[in-house]
Amino acid sequence: MALTGDKNVILGEDGLPAANNIKRSKNVAENEEEDSKKKRTESCFDQPVDSSVYEVIKYSPSALPAKHYDADTTEPISSGLSSMNELLSWNRSEANPFNVAAVPLAPRKPRLVNCLRRTLVSHDMMGGYLDDRFVQGTSSEAPYAFYHWQYIDIFNYFTHQMVTVPPAVWTNAAHKHGVIVLGTFITEWTDGAAVCEAFLKDEESYRAVADKLVQISHYYGFDGWLINIENNLSEGAVKNAPLFLQYLTEQMHERVPSSLILWYDSVIEDGKLKWQNELNQSNRIFFDACDGFFTNYNWTEENLEWMKNYSVVQGRQADVYIGVDVFARGKVVGGMLETNKALDVIRKHNFSAAIFAPGWVYESQSDKSEFRSHQDKFWALLSDYLYIHRPASQLPFISSFCQGFGKAVYRKGQHETAKSWFNLAAQEIQPLYYHMALEDRGWVRSSGCPEDAWDGGCSLLLDGLIPATLNTPICAKIFSLHVPLDSRIMVTLVYKASAGITVSLQLRTTDSSYCSHTDVHEVTLTSVTPETVGSGPQLESQMSELCGNRDLHGWTVRCSQLELHGCVLREVCVLIHREGEPQDMTFSCRVGEIMVLDVGTLQPPTDPVRGLCIDDVVWLRGAGSSPESSSSCLRLNATLRWDYPVESVRHFRVYWRRLRGPDPRIPPGQLELLARAYSNQFRVTELLVPEPPSVLELLVEPVTRGGSLIPESWWGRRQLSYTE
């Protein structure tokens, strides 16, 4: 592929031969790979803004690696590594750029180091890499998703591949909520024993494996590994296993300060595969060499009673994660809808918990449409034994409550796309989900509702019964936070309320120095104009976008301003007020979005999208994956990359339009939305385009976190002309 008038071809990254690459020092190899990546990026971003990419259509098979791209559609996919040869030959230049997490680990309170009883979730479902393998999301009528992030500290993606690399969609969703993400390194059975014999034979060998695991974690942006050696080890191998663990832990801490290396209860110090269901003298050498120990599942309370007095555990009790198999396989405490019984015993003895395969709530249900209610019921049973973690980021604080899947994608209360979808990268900060009893048979419940939404795939549904005897508003807490406030803020609430109630917001703040004093601020929701904000005319369109229309597609949009200094926002509650005479009254209120913004930062963006480039073009002719399409259709597949500060956007909207051809009498086409993107790259797949010769344009619009509209002249754009 070349630019019009330019003889330079945009090439992919060249990987070094695997054998030579392994022999290089890791620093030299990584520097060379970074240089290769940098050169490619610069050659792409340095394309003149008004230049057109020229393509001669060829129907050659895709040269994209099948491991990273779907063979039929070229959609980017996540995958693991199945062999030691794959692991040792791994290098960044041949890695999957689409599986790199776009979201850094967010701060939260309490921090992991201050959590004395932690909660780990190990996600093991039907072999892994299901709908979640599609990096850009997929169409799915009833996918599995996790959204009770406020309860957990660590998320482990588990499969039985040797090296399980967490799909980026999981890492992005977890990091957004401050949850650490671990991949899995596993060896099993006879083949696993042979692998261990080879890589644990000497220091050079185990360091080579550890170095690759560190590089993979660092490149893809997740936070460490669960090490699971479920096979016998020889005398020499078991002697080197703790040294491998120690070296891996040290290197991970050096490269990723928040990282963790955990060891699963399997092999003991003499090399035998003998699950102990506790930490003891037979397996402590592995615990001493890493950050934590994940016990097997067949423990009894006697195991925990003994462990809490074991000298090795003293000072590190939080680092012992007691395994709980939600499927309740074998002789276990609790499991399924009695998993709370296991948590009760674990917390009684002040240990951390490792909840294995909570996807049981999905797998065990024949009617997947009831998944949300089943999952909410499961986590409600455990809630008394779990910390609620508070997002601790700076303003702005924004959520549309999207859970990363739905029956449609909404934008400002209307369908943007009208089909079922799944993409955990789209998940926004999740609220508290609960069912709470009130006095005199009253109740209030919060749940995700895909039947209607303001933005994304679902809204937050608050419903319940206000008893006649209740004379005060219902306070439905939706967020526990730790967000510093020291400015004039603007609060925006979008909602739909049933008849007979009025809605307001309540913000609870504490003193930022000592958190010793709590203030309650009931927010009167009205409308805010640019004049009341005290800004210049350049903010008029932004303020109109945020608060200008008070009733849009059935949704009520309300804003308010507050002066709050030297405090921390700790809780956000929706107040439900009954109108009229006291009587038992059912109610519902869909909350579409909440925004807490620093008025001082409400300035129009100053950065355009730079350097949009088109790469890795694959042409297909045929029906594609859409059964209603004609078999003679021409389809474009291509990778778009661009430069824009990702931390300032909620997502990007990717469009295309026909500019001219094949018939010069036909005027240019209208903009058509392709999809939302959640990083600075997007793979266009199976785009039905006009017959050649033609010219089309691809565009990228940033959707900012603060709600600012980006003028189209600042969008990224690139023309593609093609002929046969």
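These are my notebook entries from a walk through a predicted model.

**Overview**

I started with the whole chain. I counted 14 helices and 35 strands in the protein chain. Of its 724 residues, 57% are buried. I then asked how far apart in sequence the contacting residues lie: among contacts between residues at least 6 apart, 78% join residues at least 24 apart. The exposed area comes to about 29500 Å², and carbon and sulfur atoms supply 50% of it.

**Helix 7**

Next I looked up helix 7, residues 235-255. With 21 residues at 1.5 Å each, helix 7 should span 30 Å, and its end C-alpha atoms are 31 Å apart, so the two values agree. I did find a bend of about 30 degrees at Ala241, with a proline, Pro242, following within four residues. Both Ala241 and Pro242 are on the list of buried residues of this helix. That list also includes Ala237, Val238, Phe244, Leu245, Leu248 and Met252. A reminder to myself: an α-helix has 3.6 residues a turn, so residues three or four places apart point the same way.

**Aromatic pairs**

How many aromatic pairs does the structure hold? I found 36. I picked out Trp90 and Tyr219, whose ring centres are 5.8 Å apart; their planes stand at 70 degrees, so I noted the pair as edge-to-face. This pair links distant parts of the chain, 129 residues apart. Trp90 sits in the loop between helix 3 (84-88) and strand 3 (108-109), while Tyr219 belongs to helix 6 (residues 203-220). Trp90 is buried, at 8% relative accessible area, and Tyr219 is buried too, at 6%.

My second pick was Tyr144 with Trp170, a tilted pair at 6.3 Å centre to centre and 35 degrees between the planes. Tyr144 is in the loop between strand 4 (119-123) and strand 5 (154-157) and Trp170 is in helix 4 (residues 168-176), so the pair ties together parts 26 residues apart in sequence. Tyr144 counts as buried at 7% relative accessibility, and Trp170 is buried at 0%. Tyr144 and Trp170 also belong to a cluster linked by ring pairs. Its other members include Phe146, Trp149, Tyr362, Phe378 and Phe405.

**Two sets of strands**

I moved on to an open sheet of three strands, in the order 17-16-21, with antiparallel pairing. Strand 17 (414-417) and strand 21 (455-456) are the edge strands, each pairing on one side only. Strand 16 (residues 409-411) is joined to strand 21 by two bridges. I noted one partnership there: Tyr410 has Gly456 in strand 21 as its bridge partner.

Strand 24 (residues 501-511) was my next stop. Eight of its eleven residues are buried, so strand 24 is largely enclosed by the rest of the structure. It runs antiparallel to strand 27 (residues 555-578), and eleven bridges join the two. Here I saw Thr509 standing opposite Leu569 in strand 27.

**Ala426**

I then zoomed in on Ala426, in the loop between strand 18 (421-422) and strand 19 (434-437). Is Ala426 buried or exposed? I noted it as buried, because its 7% relative accessibility is under the 20% cut-off. Setting aside its neighbours within four places in sequence, Ala426 is in contact with Cys402, Gly404, Trp421 and Tyr678. I also checked Gln403, 23 residues away along the chain: its C-alpha atom is 7.4 Å from that of Ala426.

**Backbone oddities**

Which peptide bonds did I log as cis? One runs from Gly661 to Pro662, with omega near -10 degrees. Pro662 is in the loop between strand 31 (649-660) and strand 32 (672-677). Another cis bond joins Pro692 to Pro693, with omega near -5 degrees, and Pro693 is in the loop between strand 33 (681-688) and strand 34 (694-704).

Last, I looked at positive phi values. Met336 has one of about 50 degrees although it is not a glycine. Met336 lies in the loop between strand 11 (320-325) and helix 10 (339-348) and is partly exposed, at 35% relative accessibility. Ala357 is not a glycine either, yet has a positive phi of about 60 degrees. I placed Ala357 in the loop between strand 12 (352-356) and helix 11 (360-363), where Ala357 is buried at 1% relative accessible area.

Key. Residues are numbered from 1 along each chain as its sequence is written. This is a predicted model: local features need pLDDT of at least 70, side-chain atom pairs count only at pLDDT 80 or more; totals for chains, interfaces and linings use all residues. Side-chain values use heavy atoms; hydrogens and water are left out. Buried means under 20% relative accessible area, exposed over 50%, partly exposed in between (1.4 Å probe, protein chains only). Contact means heavy atoms within 4.5 Å. Accessible areas come from the Shrake-Rupley method with a 1.4 Å probe; for residues, only the protein chains shown count as cover. The expected span of a helix is 1.5 Å times one less than its number of residues. The bend at a residue is the angle between axes fitted to the seven residues ending there and the seven starting there. Two strands pair if DSSP finds at least two bridges between them. Rings of Phe, Tyr and Trp (its six-membered ring) pair if their centres lie within 6.5 Å; planes under 30 degrees apart count as stacked, over 60 as edge-to-face and the rest as tilted.
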